[in-house]
Every structure is written in C-alpha cells, then in structure tokens.
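Open the model in a viewer and follow the stops below in order. Each stop says what to select and what is there.

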Amino acid sequence: MLVSLLLVLASEPLTLDFASGKLAGWEGAGFRLTDGRLSSASAPTGLLHRTFRLPPNAAVLRFHAAAYRSEAADPKRPMDIVLEGPGRTYLPRLVLREGKWVKSEALDPPGTERELTEYIWQVDKLAGKSLRIALVDADAREGSYLVCSGFEIVTRDDLNATYFEKDIVAVCEKHSLPVAKRFTTEHFVAYSNAERVFTQDRLKDCERMHTAFFRHFRRKGFPVTPPAEKLMVAIFATQQGFEAFIGMHPGAHVTGMYHTPTNRLVVYDFGTNTSFLATKKEIEDDTKRTRSDVDRMGRSLTFDRLLRDHRDDTNVSTIMHEVSHQLSFNTGLLNRGGDAPAWLIEGLAMYCEPTVAGAWQGIGEPNPMRVKVLKEHRPFKLRQLVRDDDWLRKSARVEDVVAGYSQSWALFRLLMEEHPKQLRNYMTTIYDRRTPDHRLADFGEAFGNIAELEKRYEAYLEKLIRAGG
C-alpha cells in the first residue's frame with residue numbers, strides 16, 4: 001500500500017500557486033496567505049522561499065506582485081521577488097511595457113484599484129533544472145510590504161496555443177469566418193471551424209501518422225526524437241478560410257500547407273475546393289440531361305461515389321502529407337532553419353502519404369496517385385531535382401511541378417529501399433547547411449556517381465509504372 005501511495009504522490013504535477021490555502025513546500029516566515037495572495041503586511045520583514053525542479057515543457061514562470069512603500073525605495077531595505085538558477089545565477093525578471101516584455105529592475109507599486117503587475121521569467125532553457133523562488137521584504141518601515149499572487153508555470157504548449165489562437169481569431173473576425181474551436185489530442189493542438197467529425201477525423205489521422213512515423217523511421221535506423229511540444233494544426237471548413245489564414249491564393253491545386261517559420265500545419269475540407277465544386281456541377285448538369293430515369297439514377301450514384309472517394313482521398317492524403325512535413329522538421333530529420341532540398345522535403349512527405357479511395361495505406365507503401373503522374377509525364381532529370389529547387393520554384397506549368405513532386409517521391413522511396421544508410425548519412429551531412437552551394441557535392445558524396453544513379457533511378461521508375469504503384 002505504501003508503494004502505491006508513493007507512486008501516486010510522485011505523479012502529481014508541480015503546483016506553485018496558493019489555491020490550496022496552504023504553504024506546503026515553502027520555507028521561511030513573515031508572510032501570510034489570504035485569499036490566494038501572499039502578504040508581508042502583518043510582519044516587519046519577511047523571507048519565504050521554495051526550491052523545485054522545473055518540468056521539461058516549461059517555457060515561462062508567471063506571477064503578479066506589487067511593492068507597497070510608505071517612503072521612497074531604499075537599496076539597503078530590498079523588497080523583491082527573485083528566481084535563482086543553477087550556479088547561484090539570477091534570471092532576469094520581465095514586465096510588459098508598451099506591448100513588449102522588458103527587464104524589470106524593481107517591483108512596481110500597486111496600480112489603480114490596488115492591482116498587481118504581471119511579471120514573467122523565461123525558463124525554456126532550464127527545463128529539468130532545480131530553481132529557487134525567494135520573496136524578500138527587508139523594509140521594516142511601517143506601511144511597506146510585499147504582496148504576491150501564486151506562481152504559474154506556462155508550458156510551451158500553452159504559449160504556442162495562446163499565440164495560435166490569437167492569430168486564428170484575428171483571421172476569422174477579419175474575414176467573417178465561423179469561430180474556430182480548440183481541440184487537443186496527445187500530440188497535437190488544433191483550432192478548427194470545420195465540422196466536429198471532420199476535425200476529429202483529421203486529428204486521428206495526425207495521431208496515426210505520429211505513431212507510424214516513429215515506428216517506421218526508427219526501424220530504418222533514423223534517430224528520430226519526440227517533439228518538445230505539441231504540434232499546431234489549423235483546420236478550416238472552406239478553401240476561403242484556408243487562403244485567408246495563409247494570406248495568399250495559391251490555386252485550387254494546393255489543398256494544405258505546412259508553414260516552416262511558424263511550425264503550423266493548415267488544411268481545409270477539399271469538398272469546398274473550387275475545382276472540385278466545378279467538376280461536381282459539370283457532372284450534375286450532364287446527368288440531368290440524361291433522358292432515361294434509370295440511366296440518370298445510375299450515373300448519379302456512380303459519380304456520387306467517385307466524387308466522394310476523390311474528396312476523402314484528397315483530405316486524407318493532404319493531412320498525412322502535411323503532418324509528415326511537420327514531423328520531419330520536429331523530430332531531427334530535417335532542420336527548419338537549414339537548407340533542405342525540395343526533392344527531399346516533398347519526397348519524404350509523399351513517401352508517408354499513400355492513400356487509395358480515402359484509406360491510408362501506410363508509410364512507404366505504393367502510391368498509385370504518384371505513379372499515375374509518372375506514367376504520363378517525367379520532365380526532370382535526376383541532376384535537375386537534386387541540384388536546386390528550380391523545378392519547383394521556376395516551372396511555368398503546374399503539370400511540371402506535379403510531376404516533379406512524383407519524381408521526388410520515387411527518388412526518396414528508391415533511396416529508402418536500396419540505400420537507407422547512405423540516406424541517413426546524407427541527411428546528417430546537410431542538417432546544418434544554410435545555403436544550397438553544396439547540394440550536388442553532398443548528394444554525390446553520399447550516393448556516388450550521379451550518372452550511374454540516374455540509370456538505376458530510371459529503371460526504378462519503369463518498375464513502379466509496370467507495378468502500378
């Protein structure tokens with residue numbers, strides 16, 4: 001029974017607030033707890049302190065306080081709240097001034113209606129370290145005392161979600177979009193104004209990919225590590241909402257996006273895609289012109305099923321593709337601040353995305369959608385794919401870009417199947433690259449003569465086409 005009790009106690013989360021009405025874990029004297037606030041008003045002086053270990057996901061330590069003084073501040077009579085880090089170093093305390101967090105040299109007096117000022121310490125680099133909070137009131141002059149609220153640990157997840165929510169709300173209000181609601185799973189935080197079932201299905205897809213991603217790449221020898229925080233996902237009911245959030249109109253062929261600078265994934269329901277709706281209307285109009293009721297009903301049922309499969313397939317493949325991007329850049333495979341080649345970024349995501357009729361097939365499985373493109377069009381040589389990103393950035397035709405994506409998928413799949421060790425070494429080499437100057441040299445160093453690999457690559461493409469996936 002004692003063992004069970006100890007396990008329960010050890011699992012309790014760290015709390016530094018005073019909601020319990022007790023000062024358990026705190027040491028010292030001179031402070032009294034009333035209505036969730038500490039005050040040294042009942043004693044001439046006071047000192048209260050607590051040592052604790054910072055949780056691994058902590059980003060900010062926040063509190064509210066005020067220094068009540070009957071006379072001017074006296075350096076010989078300090079009244080302060082400090083956070084001591086490793087090696088007896090003291091972390092700079094920050095206060096919000098004109099919209100910016102700046103260093104706070106001293107605690108403010110109470111504001112209007114005896115309000116307390118908010119302060120923070122940034123602690124994201126001290127995760128897992130032992131810290132010590134100390135409240136010091138050495139000013140014994142009558143009418144001088146310190147008041148402080150409880151302390152709150154704000155995690156990176158909370159901080160990211162706060163900023164994310166602010167951006168989502170601003171976009172929805174500006175473009176008169178439905179309000180987005182928050183959804184949380186084990187590894188993701190989403191804001192969505194799409195239907196609840198659609199949102200939950202997309203988050204289930206994200207979690208399925210998260211599990212499969214680690215299993216697959218670890219099995220292949222890649223040292224992937226879990227993200228330090230939950231990943232952010234925006235889900236919109238319409239293409240209009242998607243485009244409003246990303247701030248551009250990329251066209252009907254773009255059905256989702258992973259935004260590297262903000263580390264956010266954005267998707268929408270393909271059923272609202274302008275091209276999809278135009279095709280649907282064209283089919284419906286054509287069906288109406290069918291003379292026979294039997295033929296009209298048969299055509300309607302057939303095309304409804306085809307359209308539904310196309311919608312489901314695109315929704316699933318899009319979320320699987322984009323969340324693979326997000327995981328690649330948050331597990332140590334690719335560097336968000338580095339120079340990662342487009343063929344590698346996109347090839348990896350397509351390697352993870354395969355779907356058939358709305359059903360995800362699994363990482364590395366055949367990808368009929370990409371093979372269909374390869375069968376019809378292959379505009380780029382291997383050297384063009386790996387040398388630079390011109391195939392993606394400068395191609396004048398959408399068809400060429402789509403084909404370049406499929407060729408990148410085939411290249412990545414070939415390397416994963418036949419040269420996984422060399423691919424691991426290559427990705428390690430380029431991880432800290434900042435410019436594309438070394439692209440060809442790095443690729444050749446990892447995989448040998450490019451002309452020889454080109455021959456194997458072309459043969460592999462033909463093999464994929466013959467197999468149909």
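Select helix 8 (residues 368-376) and helix 14 (residues 450-467): they pack at an angle of about 115°, their axes 9 Å apart. Helices are DSSP runs of H or I with at least four residues, strands runs of E with at least two, numbered from the N terminus. Axes are lines fitted to C-alpha atoms, for helices over the stretch in contact, and angles run from 0 to 180 degrees between N-to-C directions. Now show the side chains: V371, L374 and K375 in helix 8 meet L461, L464 and I465 in helix 14, contact meaning heavy atoms within 4.5 Å.

This is a predicted model, in which local features need pLDDT of at least 70 and side-chain atom pairs pLDDT 80 or more, while totals for chains, interfaces and linings use all residues. Residues are numbered from 1 along each chain as its sequence is written, and side-chain values use heavy atoms, without hydrogens and water.

Next, select strands 13, 14, 15, 17 and 16, which form an open sheet in that order with mixed pairing; strands pair if DSSP finds at least two bridges between them. Strand 13 (181-184) and strand 16 (256-259) are at the edges with a single partner strand each, so one side of each has no neighbour in the sheet. Inside the sheet, strand 15 (residues 231-236) and strand 17 (residues 264-268) pair in the parallel sense over 5 bridges; A234 stands opposite V266 in strand 17.

Add helix 2 (residues 156-174), which lies across strands 13, 14, 15 and 17 and runs at about 20° to strand 15. Helix 3 (residues 196-219) also lies across strands 13, 14, 15 and 17, at about 155° to strand 14.
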